[in-house]
Amino acid sequence: MDSLLTSFDYTFEESRKLFEKITLIHNDQNLQGFISDIGMSSGDYLNFQIPDNLVVIGDLHGDFTSLKKIMNKITYKEYLETESNILIFLGDYVDRGKYSLEVLLSLCSIKSQFPNNMFMLRGNHEAYHRFPFSAFDFLSDLHKKFGSSAQTLYSNTIIPFFDSLSSICEINGFGLLVHGGLPIIEDVEFFKNYKFRLSDMKSDEELLEEFLWNDPREFTDRNWQASNRGLGKYFGINITKNWLNHTNTKLIIRGHEPCMGYKFNHENKVLTLFSSKDPYPKFESAYLQISKKQIESLNLTADIKKFVHGVEDVF
Ligand SMILES: [Mn+2]
């Protein structure tokens, strides 16, 4: 586990090189469209068959302690040695917590060791340059660490790294993993070529904004309403049911909202995971670890809570 701690000692040059290395890995994977026997990558879209084991981690927000605890609990090196085991992060690595850079560099270091089965999805906090918001502290953290070179590192290296992150992961027959939530899709024509649409969101601002910013809400008299966040929308259960029906999946797994580690919405068809604790003392942190067998024998999506583990052993 100590290799994660080395992220605290990275110099400016080492940080720059690591970000550039991972950006290249992402761009290569997207170009080749192939990751492993069970996965493919195409632009913003990752697509897997159900893996032998799946670990999903929610928002970290600069919480290095929670990251380290989770990596210890899953014994990540042994876990990732087997390429059919997949580890996916749901985005929001930076801001709010004390160790945004260290969390990002640790994740990049894991990705460089296990490029084919560890994946970082993009959160709204990794898209500030596309959809600005007020709580973006990451750049000022970089200034504290690297002084006047911070802006160059951010503009020339970190923005291209953020842009290289995929935003969506679909696991066939199981679910969709995304940071925020479902976009408001009311025209069923969308689903005829949805995989293509999901792979090319660089040119579809609205779709990307909604995947990164939307939240589920419990209303049934309408499909959506404006979000209090100022970006994205609140989506209702009809949007969720429609998506799952048309994509032959059972569940949406997303982060984006602090909660007591996890919560369900939309008749247990939307699972929220939140994995940050230090910046959110009133909430709990958790992660999902589930095997292929367990996925295939899930009768009710609510049963997935048996495989959600508290980072602090609170449940
Ligand atoms: Mn978020």
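A residue is called buried here if 20 or more other C-beta atoms lie within 10 Å of its own, and exposed if 12 or fewer do. Keep that in your pocket for the exercises below, and remember that this is a predicted model.

**Exercise 1. Work out how well covered helix H9 is, and what covers it.**

Step 1: Count. H9 spans residues 205-213, and 7 of its 9 residues are buried, so the helix is mostly covered.

Step 2: Name them. The buried ones are Leu207, Leu208, Glu209, Glu210, Phe211, Leu212 and Trp213.

Step 3: Look for the partners. These buried residues pack against strand S6 (168-171), strand S7 (175-178), helix H8 (194-199) and strand S10 (233-235).

**Exercise 2. Place Gly232, then decide: is it buried or exposed?**

Step 1: Gly232 sits in the loop between strand S9 (224-226) and S10.

Step 2: Apply the cut-off. Gly232 has 24 other C-beta atoms within 10 Å, so it is buried.

Step 3: Check who is around. Skipping neighbours within four places in sequence, Gly232 contacts Gly180, Glu209, Glu210, Trp213, Asn214 and Ser227. Glu209, Glu210 and Trp213 also turn up among the buried residues of H9.

Step 4: Add a distance. Gly232 and Phe211 are 21 residues apart in sequence, with their C-alpha atoms 8.0 Å apart.

**Exercise 3. Describe how H2 packs on H7 and on H5.**

Step 1: Start with H7. The axes of H2 (residues 12-32) and H7 (residues 150-164) come within 9 Å and cross at roughly 30°. That makes the two helices roughly parallel, because angles under 35 degrees get that label. The crossing is left-handed.

Step 2: List the contact. From H2 come Phe12, Ser15, Arg16, Phe19, Glu20, Ile22, Thr23, His26 and Asn27; from H7 come Leu153, Thr157, Ile158, Pro160, Phe161 and Ser164. Sorted by class, that's 7 nonpolar, 6 polar and 2 charged residues.

Step 3: Now H5. H2 and H5 pack at about 50° with their axes 10 Å apart, so this pair counts as oblique. H2 passes H5 in a left-handed crossing too.

Step 4: List that contact as well. Ser15, Leu18, Phe19, Lys21, Ile22 and Ile25 of H2 meet Leu105, Cys108, Ser109, Lys111 and Ser112 of H5. The class count is 6 nonpolar, 3 polar and 2 charged.

Step 5: Compare the two lists. Ser15, Phe19 and Ile22 of H2 appear in the contact with H7 and in the contact with H5.

**Exercise 4. Classify the H6 and H7 pair from its crossing angle.**

Step 1: The axes of H6 and H7 come within 8 Å and cross at roughly 130°. H6 and H7 are therefore oblique to each other.

Step 2: On the H6 side, the contact uses Leu139, Leu142, His143 and Phe146; on the H7 side, Ala150, Leu153 and Tyr154. These split into 6 nonpolar, 1 polar and no charged residues.

Step 3: Spot the overlap. Leu153 of H7 is in this contact and in the one with H2.

**Exercise 5. Find the residues with the most contacts in the largest nonpolar core.**

Step 1: That core has 82 residues, and Val56, Ile88, Leu121, Cys169, Leu177, Leu273 and Tyr287 touch the most other members. Helix H5 (residues 100-113) contributes the most to it, with 7 residues.

Step 2: Zoom in on Leu273. Leaving out residues up to four places away in sequence, Leu273 touches Val56, Gly58, Leu90, Ile253, Gly255, Tyr262, Ala286, Tyr287 and Leu288.

**Exercise 6. Contrast Thr75 with Asp92, then link Asp92 to Arg122.**

Step 1: Backbone. Phi is positive for Thr75, near 40°, and for Asp92, near 60°; neither residue is a glycine.

Step 2: Position. Thr75 lies in the loop between helix H3 (64-73) and helix H4 (76-81), while Asp92 lies in the loop between strand S4 (85-89) and H5.

Step 3: Burial. Thr75 has 11 C-beta neighbours inside 10 Å and counts as exposed, whereas Asp92 has 26 and is buried.

Step 4: The link. Asp92 and Arg122 are 30 residues apart along the chain, and their C-alpha atoms are separated by 7.1 Å. Arg122 is in the loop between strand S5 (118-120) and helix H6 (138-146), and counts as buried with 28 C-beta neighbours inside 10 Å.

Step 5: Its surroundings. Apart from neighbours within four places in sequence, Arg122 contacts Gly91, Ala127, Phe162, Leu165, Ser166, Ser167, His179 and Leu212.

Methods:
Residues are numbered from 1 along each chain as its sequence is written. This is a predicted model: local features need pLDDT of at least 70, side-chain atom pairs count only at pLDDT 80 or more; totals for chains, interfaces and linings use all residues. Axes are lines fitted to C-alpha atoms, for helices over the stretch in contact, and angles run from 0 to 180 degrees between N-to-C directions. Helices (H or I, at least four residues) and strands (E, at least two) are DSSP runs, numbered from the N terminus. Angles under 35 degrees count as roughly parallel, over 145 as roughly antiparallel, 65 to 115 as roughly perpendicular and the rest as oblique. A crossing is left-handed if the near helix is turned anticlockwise from the far one by less than a right angle, and right-handed if clockwise. Two residues are in contact if their C-beta atoms, placed from the backbone, lie within 7 Å. Ala, Val, Leu, Ile, Met, Phe, Trp, Tyr, Cys and Pro count as nonpolar, Asp, Glu, Lys and Arg as charged, and the others, Gly among them, as polar. A nonpolar core is a set of buried Ala, Val, Leu, Ile, Met, Phe, Trp, Tyr and Cys residues joined through C-beta atoms within 7 Å.
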